[in-house]
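Student: I am new to this structure and should be grateful for a close look at a single part of it. Kindly set that part in its wider surroundings as well.

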Amino acid sequence: MTAATASTAAFATARLIGSSASKLKPPSTFLSFRGNLGSSFPMRISSIRWARFSTVPKISATISVGDKLPDATLSYFDAADDLQTITISEITANKKTILFAVPGAFTPTCSQKHLPGFVEKAADLKAKGIDTIACISVNDAFVMKAWKEDLKIGDEVLLLSDGNGHFTKAIGCELDLSDKPVGLGVRSSRYAMLVEDGVIKILNLEEGGAFNVSSAEDLLNAI
């Protein structure tokens, strides 16, 4: 190959490489996806990893019908605005008690359906021999007090704080919502149970925060 030919070939190769390189884009942390409406939107790769590995709540608990409830201390504000504590054994001993739990005070389903349903059906449930109806949530007692006032609830339902989640963990009903953007952290799965003298007679446990089998109507029909 002559010097002139080699020079020409080298020039052409360099030009080709330069042209291709100018069309290449550096790696990006965003990918573009096309949505249902035909518009594309960026998504971080880290978001894809989050969606892939985020957990789906499952129906699980360490308790079942026939078990005696573990004891734990819950708290609430009484009518005089004094902070009180009460144990599970005090609520259930020698009584027929309904305990139901919600993932969070002020959340939509809990505020619009679950808790109001038990308030509405309280008289019907007590006519069937229920002594106490209590709502449990992994919220502090101040939040539970504000929620009660916001919904204008009287003495139909006792709102109890399991602020540190001790009772919820003891019965294996933790609901880990740490991967959700609203910052709920670890809460309680939704459930409703009938307890007689500390022993579970009916247990309607939902999948995570679903609301399919734990309404006041469901329990009223089951008693």
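Leaving aside its neighbours within four places in sequence, which residues is Q84 in contact with?

Tutor: The model under discussion is predicted. Beyond its neighbours within four places in sequence, Q84 is in contact with L74, S75, Y76 and D78.

Consider first where Q84 itself is placed. Q84 is found in strand β4, which covers residues 83–87. With a relative accessible area of 28%, Q84 is partly exposed, because that class lies between the limits of 20% for buried and 50% for exposed. One of the residues that Q84 contacts is L74. Along the chain Q84 and L74 are 10 residues apart, and their C-alpha atoms are separated by 8.5 Å. Another contact residue, D78, is joined to Q84 through the side chains, by a polar contact of 2.9 Å.

The residue D78 leads from Q84 to the largest pocket. About 220 Å³ of space lies in this pocket. Its lining consists of 14 residues, and those that lie nearest its centre are F77, D78, A79, K145 and K148. Three elements give two or more residues each to this lining, namely β3 (73–77), α6 (141–150) and β7 (158–161). Of the elements, α6 gives the most, with five residues. Sorted by class, the lining has eight nonpolar and six charged residues, and no polar ones.

Two of these lining elements may be followed a little further. Helix α6 holds A146, which is partly exposed at a relative accessible area of 34%. A146 and A105 are 41 residues apart in sequence, while their C-alpha atoms are 9.1 Å apart in space. In the loop between α6 and β7 stands K152. Its phi is near 55 degrees, a positive value in a residue other than glycine. As a rule, most residues other than glycine have a negative phi. K152 is also exposed, with a relative accessible area of 72%. D197 likewise has a positive phi, of about 50 degrees, although it is not a glycine. The place of D197 is in the loop between β10 (191–196) and β11 (199–205), and at 39% relative accessibility D197 counts as partly exposed.

On the other side of β7, the loop between β7 and α7 (166–170) contains G165. G165 counts as buried, at 4% relative accessibility. Between G165 and I136 there are 29 places in sequence, and the C-alpha atoms of G165 and I136 are 9.9 Å apart in space.

The strand β3 offers a further route back towards β4. D71 lies in the loop between α2 (45–53) and β3, and D71 is partly exposed, with a relative accessible area of 47%. Not counting residues up to four places away in sequence, D71 touches T87, I88 and S89. The side chain of D71 has a polar atom 3.2 Å from the backbone nitrogen of I88. That side chain also reaches the backbone nitrogen of S89, at 3.0 Å. A link across a longer stretch of sequence is given by D71 and H166, which are 95 residues apart along the chain and 9.6 Å apart in space, C-alpha to C-alpha.

Two other elements complete the surroundings. Strand β6 (residues 132–137) includes T132, a buried residue with a relative accessible area of 18%. Apart from residues up to four places away in sequence, T132 touches I91, K95, K96, T97 and I98. Helix α4 (residues 108–120) has 13 residues and reaches 17 Å from its first C-alpha to its last, close to the 18 Å expected at 1.5 Å a residue. The residues C110, S111, H114, L115, G117 and F118 of α4 are buried. In general, an α-helix has 3.6 residues a turn, so residues three or four places apart point the same way.

Finally, the chain as a whole may be described. The protein chain contains eight helices and 11 strands. Of its 223 residues, 35% count as buried. Among its contacts between residues at least 6 apart in sequence, 60% join residues at least 24 apart.

Conventions:
Residues are numbered from 1 along each chain as its sequence is written. This is a predicted model: local features need pLDDT of at least 70, side-chain atom pairs count only at pLDDT 80 or more; totals for chains, interfaces and linings use all residues. Side-chain values use heavy atoms; hydrogens and water are left out. On a 1 Å grid over the protein atoms alone, a cavity is a set of points where a 1.4 Å probe fits but cannot get out, and a pocket is an open set with protein on both sides within 12 Å along at least five of seven lines; lining residues have an atom within 4 Å of a point. Grid points are joined across faces, edges and corners, and a volume is the space filled by probe spheres set on the points. Helices (H or I, at least four residues) and strands (E, at least two) are DSSP runs, numbered from the N terminus. Ala, Val, Leu, Ile, Met, Phe, Trp, Tyr, Cys and Pro count as nonpolar, Asp, Glu, Lys and Arg as charged, and the others, Gly among them, as polar. Buried means under 20% relative accessible area, exposed over 50%, partly exposed in between (1.4 Å probe, protein chains only). Contact means heavy atoms within 4.5 Å. A polar contact is a pair of N or O atoms within 3.5 Å; within protein, one must be able to donate a hydrogen and the other to accept it, and residues adjacent in sequence count only if both atoms are side-chain atoms. The expected span of a helix is 1.5 Å times one less than its number of residues.
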